[in-house]
Amino acid sequence: MKKLSIIFIAGLFTLALYLNPVSAEAEVSSGTVPEAEMTVPAVTTAAPAKEKSDVNLTYVNLEEKERWILDEVLSDYVSEDVVELTDRGIRYSIGDWIDRDTHTYLFFTKELPEGTVYTAAGYAQTTNGSYVYFELSSSEKLSEQQVDLEIVKAFGNSGASEIQAC
């Protein structure tokens, strides 16, 4: 019985570690997040958005710089949202994975009781070379061009992936 209890606890511990973001060194833009607070995704204040639209940008500074780890961080954050939405019985859909030189994101649509929320969740490189996890949300459907322009505007990464305005 003791062996079974230990295996069960080890399984729960493994599951808890799997569901946490890979980013053990995540920090909020205002400072480092203590390890005790790492289980709750930290979100900074919204970045300025266009006045005529209701686009809301939130982000978390990351210490990771390797693309494969950043991909895992993105997957972990989205997985946490999926688990929460599934537990609440809320419908959602995950769209295309868009990969640029300085940022990567995927489209995530949530059908909340208040209305549909269109989100682009991803990571972006900032002008100082660090990375952030971001969520760009709107009640209007987001396009790739709109997301790319908002990311360039917010984080200033104007590398080879900069989108030219029509």
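Hi everyone, let me start with one contact: the side chains of R100 and E144 meet in a salt bridge, at 2.9 Å from N to O. R100 sits in the loop between strand 4 and strand 5, while E144 belongs to helix 3, so this pair ties together parts that are 44 residues apart in sequence. There is a third partner here too: salt bridges that share partners join R100, E144 and D148 into one network. As for how open this spot is, E144 counts as partly exposed, at 30% relative accessibility.

Before going on, please keep in mind that what you see is a predicted model. How confident is the prediction? The chain averages a pLDDT of 75, and 62% of the residues score at least 70. Among the elements, strand 7, residues 131-138, has the highest mean pLDDT, at 96, and strand 2, residues 31-32, has the lowest, at 38. Over residues 15-51 the pLDDT is below 50, although the model gives this stretch 58 contacts beyond near neighbours in sequence. Residues 160-166 also stay under 50, and for them the model has 8 contacts beyond four places in sequence. Where pLDDT is low, the predicted coordinates should not be read in detail. So please look at those two stretches with some caution.

Now for the overall layout. How many helices and strands does the chain have? The secondary structure comes to 3 helices and 7 strands. Reading from the N terminus, the order is α-β-β-β-α-β-β-β-β-α. Of the 166 residues, 40% count as buried. The chain exposes about 10,000 Å², and carbon and sulfur atoms supply 55% of that. If you take the contacts between residues at least 6 apart in sequence, 50% of them join residues at least 24 apart.

Let's zoom in on strand 5, residues 103-112. Which strands does strand 5 pair with? On one side of the sequence there is strand 4, residues 91-99, which runs antiparallel to strand 5 and is joined to it by 7 bridges. If you want a place to look, find W97, whose bridge partner in strand 5 is L106. The two strands are connected by a hairpin through 3 residues. Then comes strand 6, residues 115-125, which pairs with strand 5 in the antiparallel sense over 10 bridges. Here E111 stands opposite T116 in strand 6, and the hairpin from strand 5 to strand 6 goes through 2 residues. Why can we call strand 5 largely enclosed by the rest of the structure? Because 9 of its 10 residues are buried.

Next, the aromatic rings. The structure holds 6 aromatic pairs, and I'd like to show you two of them. In the pair of Y77 and Y133, the rings are stacked, with 4.0 Å from centre to centre and 15° between the planes. This pair links distant parts of the chain, with Y77 in helix 2, residues 67-87, and Y133 in strand 7, 56 residues apart. Both Y77 and Y133 are buried.

My other pair is F134 and F155. Their ring centres are 6.4 Å apart and their planes stand at 45°, so the pair is tilted. F134 lies in strand 7 and F155 in helix 3, residues 144-155, so the pair ties together parts that are 21 residues apart in sequence. Are these two residues buried or exposed? F134 is buried, and so is F155. There is also a third ring to look for, as ring pairs link Y59, F134 and F155 into a cluster.

Finally, back to the charged side chains where we began. How many salt bridges does the structure hold? There are 7 salt bridges. One of them connects R67 and D99, with the closest N and O atoms 2.5 Å apart. Since R67 is in helix 2 and D99 in strand 4, that pair ties together parts 32 residues apart in sequence. R67 is partly exposed, with a relative accessible area of 27%, and D99 is partly exposed as well, at 49%.

Another salt bridge is formed by E84 and R88, whose side chains meet at 3.2 Å, N to O. E84 is partly exposed, with a relative accessible area of 42%, and R88 is partly exposed too, at 48%.

That's my tour, and thank you for listening!

Note on methods
Residues are numbered from 1 along each chain as its sequence is written. This is a predicted model: local features need pLDDT of at least 70, side-chain atom pairs count only at pLDDT 80 or more; totals for chains, interfaces and linings use all residues. Side-chain values use heavy atoms; hydrogens and water are left out. pLDDT is the predictor's confidence in each residue, from 0 to 100. Helices (H or I, at least four residues) and strands (E, at least two) are DSSP runs, numbered from the N terminus. Contact means heavy atoms within 4.5 Å. Buried means under 20% relative accessible area, exposed over 50%, partly exposed in between (1.4 Å probe, protein chains only). Two strands pair if DSSP finds at least two bridges between them. Accessible areas come from the Shrake-Rupley method with a 1.4 Å probe; for residues, only the protein chains shown count as cover. Rings of Phe, Tyr and Trp (its six-membered ring) pair if their centres lie within 6.5 Å; planes under 30 degrees apart count as stacked, over 60 as edge-to-face and the rest as tilted. A salt bridge is a side-chain nitrogen of Lys or Arg within 4 Å of a carboxyl oxygen of Asp or Glu.
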